[in-house]
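User: Could you take a close look at the buried interior of this one for me, especially the aromatic rings, the cysteines and the nonpolar packing? I'd like it as one connected story rather than a list.

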Amino acid sequence: MFIIGLSPASGQVAGDAPSPSPSPSPPASPVVLRIPAAEAHQGVASDGTHVYAIDNDRIGKYIIATGKRIAEWKGERALFPHMNSCTVAGRELVCAASNYPQVPQTSAVEIFDTHTLRHLRTVSLGFGPGSLTALDRHDGKCWAVYANYAGKGGEPNRDHRYTLLARLDDAFRQEAAWTFPTEILARFAPFSCSGLSWSRDGRLYVAGHDRPEIYELRLPEGGSRLELQRTIGTATPGQAIDWDPVQAGRLWSIDRAQSTMVASAIAEE
């Protein structure tokens, strides 16, 4: 399909029949903690003792118990135009980055020392099936979201429906991939998936760009489309998320308008 026009508000492709408006978000889960952070514009990661506030080209490390910032990193914007989310893997903070909103889309993995926030290395992925927006470690593998957009930052002939979850090996090579449920893609539109985190009990959760909700998904027994289990309301509108590895049921997200990291209590089912 060749995109010949977009409605800025809805991301609808010109000539397509109007889609039904998605239903309102569920009530927000209770908030248990808020930590102001100047860097909280793209996402947040947690190691259980600290939280890391993520912006395009900067990171702040904060003590959860006190909210005090104890380390920070600032990079050149030309080299780090869009760092979207990070995850803690041992002594490293592993971050998903891209050249958004430039096209063609390119992606990279940026790796930092969790103690000092010193930038350790870059793994350049070059061209891929979208913009790398989220990474997590689960079951000995890397899990990545490649975002696509209907409008700004999108490529011709590819819109939000081409957003992809990929399982990667330790060299960040794709082993398998899945598409998203159509009902979730409608809620992403015209943007895409901005957050991904596996819970301690092995459940997959993702977040979009601007809706106050997260989605619990399941890998399918057959085929290539993820299965929606439930939609959960949050107090924050989208962006990158991370489950706290120490406090059960605690999900970290950001309120970018308030530059704040937010911990919510998510009820299990």
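Analyst: Trp-143 and Trp-178 are both buried, going by this predicted model. A search of the whole structure turns up eight aromatic pairs, and these two tryptophans make one of them: their ring centres sit 5.9 Å apart with the planes at 20°, so the pair counts as stacked. Trp-143 belongs to strand E11 and Trp-178 to strand E13 (residues 174–179), so the pairing ties together parts that are 35 residues apart in sequence.

Now compare the geometry of Tyr-205 and Trp-243. Their ring centres are 5.0 Å apart, but the planes meet at 65°, so this pair is edge-to-face. It links distant parts of the chain as well: Tyr-205 is in strand E15 (residues 204–207) and Trp-243 in strand E18 (residues 242–243), 38 residues apart. Tyr-205 is buried, at 3% relative accessible area, and Trp-243 counts as buried too, at 9%. Elsewhere, Trp-73, Phe-80 and Phe-112 come together as one aromatic cluster.

On to the cysteines. The whole-structure search finds one disulfide, and it joins Cys-86 to Cys-95 with an S to S distance of 2.1 Å. The link between Cys-86 and Cys-95 is right-handed, with 105° about the S-S bond, and both of these cysteines are buried. What about Cys-142? Its sulfur is 12 Å from the closest cysteine sulfur, the one in Cys-95, so that is too far for a bond. Cys-142 counts as buried because its relative accessibility is 7%, and the cut-off is 20%. Cys-193 is in no disulfide either; for that residue the nearest cysteine sulfur is in Cys-86, 15 Å away. Cys-193 is buried, with a relative accessible area of 1%.

That brings us to the nonpolar packing. The largest nonpolar core has 18 residues, and those with the most contacts inside it are Val-145, Leu-165, Phe-180, Phe-188, Leu-196, Val-206 and Leu-217. Which elements give two or more residues to this core? They are E11, E13, helix H1 (182–188), strand E14 (195–198), E15 and strand E16 (213–218). H1 gives the most, with three residues. So E11 and E13, which carry the stacked tryptophans, turn up again among the contributors to this core, and E15, home of Tyr-205, is on that list too.

Val-145 is a good residue to zoom in on. Leaving aside its neighbours within four places in sequence, Val-145 is in contact with Ser-131, Leu-132, Thr-133, Ala-134, Thr-163, Leu-164, Leu-165, Phe-180, Cys-193 and Leu-196. Three of those partners, Leu-165, Phe-180 and Leu-196, are themselves named with Val-145 for having the most contacts inside the core. Cys-193, the unpaired cysteine with Cys-86 as its nearest sulfur neighbour, is on the contact list as well.

Apart from this core lies another, of 14 residues, among them Ile-54, Cys-95, Phe-112 and Leu-117. Two of those names have come up already: Cys-95 is one end of the disulfide, and Phe-112 is part of the aromatic cluster with Trp-73 and Phe-80.

One last polar detail: Glu-155 is in the loop between strand E11 (141–147) and strand E12 (164–168). Its side chain reaches the backbone nitrogen of Gln-105 at 2.6 Å. Neighbours within four places aside, Glu-155 is in contact with Val-103, Pro-104 and Gln-105.

Terms used: Residues numbered from 1 in each chain as written. Predicted model: local features only at pLDDT ≥ 70, side-chain atom pairs only at ≥ 80, totals over all residues. Heavy atoms only, no water. Helix = DSSP H or I, 4+ residues; strand = E, 2+ residues; numbered from the N terminus. Polar contact = N/O pair within 3.5 Å; in protein donor to acceptor, adjacent residues only side chain to side chain. Contact = heavy atoms within 4.5 Å. Phe/Tyr/Trp six-rings, centres within 6.5 Å; stacked < 30°, edge-to-face > 60°. Buried < 20%, exposed > 50% of the residue type's maximum accessible area, 1.4 Å probe, protein only. Disulfide = S-S within 2.5 Å. Core = buried A, V, L, I, M, F, W, Y, C linked by side-chain atoms within 4.5 Å.
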